[in-house]
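Here is a short, friendly tour of a model. Keep the sequence and the coordinates open as you read.

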Amino acid sequence: MLTRRSAGFLVTVRDRENVGACRRRRTGVGRVPFGALAAVLALLVAALVVARAEEPSASLELELKPPATAARILPLPATEAVRADTAQAISEIEAQERLDALVRETIRSPRRRPDLDYDVFSGIQSRGISNALRQR
């Protein structure tokens with residue numbers, strides 16, 4: 001028997017053949033043949049078709065029926081109640097607007113210093129460039 005060194009172990013040719021046989025057997029055991037799967041799938045589809053054919057088809061006739069209860073007409077609320085609700089809603093909206101204005105006033109961003117404006121910076125830079133060009 002021939003021996004080979006594999007990962008620090010001595011492995012004979014027969015051992016290698018046995019490993020290959022085990023691999024072949026192991027791969028065949030857990031798999032279901034494709035033909036069996038196709039046959040089972042075909043049987044399921046056929047059973048579904050037969051079951052659908054046996055069901056009576058629903059009729060397509062539509063019937064319009066009047067509603068069981070008539071629509072109820074609610075009475076209009078009193079005019080004074082409507083005016084009171086409107087006045088209350090307006091006062092709540094105005095109060096919220098005042099609060100929002102107050103919050104905007106307190107959170108307003110601080111004004112920037114005028115000597116740090118873009119125009120000032122760009123003027124300083126242009127003067128520096130001009131001076132540098134004159135010195136050359």
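## Helix 4

What should the 18 residues of helix 4 (residues 118-135) span at 1.5 Å a residue? The expected value is 26 Å, taking 1.5 Å times one less than the number of residues. The end C-alpha atoms of helix 4 are 26 Å apart, which agrees. Helices here are DSSP runs of H or I with at least four residues, strands are runs of E with at least two, and both are numbered from the N terminus.

Helix 4 lies largely in the open, because the number of its residues that are buried is 0 (buried is under 20% relative accessible area, exposed over 50%, partly exposed in between, with a 1.4 Å probe and protein chains only).

## Confidence

This is a predicted model, in which local features need pLDDT of at least 70, side-chain atom pairs count only at pLDDT 80 or more, and totals for chains, interfaces and linings use all residues. Residues are numbered from 1 along each chain as its sequence is written, and side-chain values use heavy atoms, with hydrogens and water left out.

The average pLDDT (the predictor's confidence in each residue, from 0 to 100) is 77 for the protein, and 72% of the residues reach at least 70. Among the elements, helix 3 (residues 79-107) has the highest mean, 94, and strand 1 (residues 3-6) the lowest, 50. Over residues 24-29 pLDDT stays under 50, and the model has 0 contacts for them beyond four places in sequence (contact means heavy atoms within 4.5 Å). Where pLDDT is low, please don't read the predicted coordinates in detail.

## A salt bridge in helix 3

The count comes to 1 salt bridge (a side-chain nitrogen of Lys or Arg within 4 Å of a carboxyl oxygen of Asp or Glu). Arg83 pairs with Glu80, their closest N and O atoms being 3.4 Å apart. Both residues lie in helix 3, 3 residues apart, about one turn of the helix. Arg83 counts as exposed at 53% relative accessibility, and Glu80 counts as exposed at 55%.
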